[in-house]
Amino acid sequence: MDSQKASASVITLPMCQWLSTERSEDHLVAWSENREWRQYEFRLDVLSLIASLSATSHSRWALCLEDNYSFAVALLALIYSGKTPVLPGHFRPAVLAEQQNEFDALITDLPLSPDCPVLRIPFAPQAMLTVLPEWPQDASVILFTSGSTGKPQRIVKSVSCLELESQWLCGLWGTEFTDARFAATVAPHHMYGLSFAFMLPLSLGLPFATASVKYHEQLRSLAAAYSLVFISSPAFLERLDPTLNTPKLRHVFSAGGPLKHAAARLVERTCGDLPTEIYGTTETGIIAFRRQYQPDGVWTLFGDIAFSPCPDGNTALVSPLVSPSGHFTLSDEIRMRPSDPRHFELLGRKDRIVKIAEQRVSLTEIEQRLCQRDLLSEASVLTVEKRGRVYVAAVLVLSRSGEQFLDSQGQAALLDNLRQTLRSWISPVALPRYWRIVAAIPLNQQGKRSAAELQEMFL
């Protein structure tokens with residue numbers, strides 16, 4: 001679509017030209033609280049790592065790097081070396097050990113000791129190359145699905161698809177980002193962070209922060225010093241301090257799950273920008289976007305993307321970002337508008353509908369019903385298996401009034417109160433049998449709920 005081709009006033013470069021002389025030697029690439037990295041350093045660091053990699057025979061390298069500049073250097077060096085970057089999406093030793101067969105060696109800036117060769121950053125410089133190797137035409141990156149609903153699945157993503165995605169994003173918003181800097185709460189080891197916190201700033205030639213933003217106070221400090229494009233998720237944005245006003249942000253993106261309307265308005269009041277929410281998956285890349293001017297705003301499809309209804313009731317996505325087939329069956333419930341095929345409503349995951357005692361039970365509905373009470377600020381509902389039978393379980397985060405109720409009347413009274421609320425809406429088999437009260441719902445690095453940690457609460 002013409003509206004999503006890169007504007008003539010926005011100069012974007014494909015990955016193979018990020019280190020080219022089209023960008024001056026003093027061009028700012030990245031920055032931290034203590035220093036800045038320029039184009040000439042970026043090029044030299046990539047060349048030095050290529051020299052180190054050339055001395056090895058390993059082809060698949062996992063990247064476990066907290067520093068985003070080191071990540072950029074490592075990913076480019078691996079591709080130039082004809083090797084494959086593998087992004088595990090997490091740094092936990094036990095889970096890395098489970099995925100050991102997915103990579104041959106590891107590049108890290110962390111104290112990890114996997115059972116494979118490790119190249120540690122900062123690394124000892126090798127004999128310096130002066131010329132970059134030829135860029136491979138079939139370059140790709142291996143990612144993994146978030147694992148929020150089960151074991152992470154391996155996904156091969158071509159660089160050409162990543163670049164096309166960046167062109168769409170630049171075509172829509174590139175002119176808004178002039179002279180801005182990028183900061184993020186999400187890491188580039190997942191699809192959203194890779195696309196928005198890595199590919200987008202480097203394609204546009206805009207500097208990115210080397211460290212992830214972890215607290216609202218950090219965001220406020222950065223925004224006071226720079227004009228920021230902020231890449232974040234509901235896990236961070238829904239917890240902004242409404243009393244801590246932040247200098248106006250240039251643009252706020254959110255992904256990892258739909259933002260509540262109240263949270264979107266909180267971001268607008270606190271940061272001066274109504275966030276742009278992104279809908280997509282690791283398998284598909286970006287699919288759609290929205291800004292919640294009204295509650296539960298509809299989504300708009302990106303670029304040359306379309307939906308196609310399947311005979312079995314599912315929805316197929318048709319997208320040039322899905323390689324190689326161009327088609328992908330969504331696990332989400334989509335309500336399309338026949339008169340307006342570019343817009344749709346997102347109703348939630350189909351795999352959140354489970355059968356218990358031959359009855360269909362919506363876990364999402366139970367969560368929504370629970371959160372209608374002012375006793376809770378958040379709830380996560382799942383199924384657990386006990387002695388061969390499946391039950392509903394709930395993990396609760398109490399609101400301030402919920403904590404007061406708990407202190408005054410006890411946990412038994414609190415849970416009975418919640419059960420009575422649910423009985424008005426759902427069948428008895430859908431009532432949670434097991435309950436846990438926690439300070440916060442456990443999240444993975446992508447800001448999504450961690451299925452494994454939730455299940456462990458009921459072992």
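**Strand pairing around β14 and the α10/α11 contact**

Strands β14 (residues 285-290) and β15 (residues 299-301) pair in the antiparallel sense over two bridges, where strands are DSSP runs of E with at least two residues and helices are runs of H or I with at least four, numbered from the N terminus, and pairing requires that DSSP finds at least two bridges between two strands. The model is predicted, so that local features need pLDDT of at least 70 and side-chain atom pairs count only at pLDDT 80 or more, while totals for chains, interfaces and linings use all residues. Residues are numbered from 1 along each chain as its sequence is written, and side-chain values use heavy atoms, with hydrogens and water left out.

Strand β14 also pairs with β13 (residues 276-281), in the antiparallel sense and over five bridges. A hairpin of three residues connects β13 to β14. Residue F289 of β14 stands opposite I278 and has T300 as its bridge partner in β15. Six of the six residues of β14 are buried (under 20% relative accessible area, with exposed over 50% and partly exposed in between; 1.4 Å probe, protein chains only).

Helices α10 (residues 400-409) and α11 (residues 411-423) have axes that come within 7 Å and cross at roughly 130 degrees; axes are lines fitted to C-alpha atoms over the stretch in contact, and angles run from 0 to 180 degrees between N-to-C directions. Helix α10 is therefore oblique to α11, the class left after roughly parallel (under 35 degrees), roughly antiparallel (over 145) and roughly perpendicular (65 to 115). The contact (heavy atoms within 4.5 Å) involves F405, L406 and Q409 of α10 and Q411, A413, L414 and N417 of α11.
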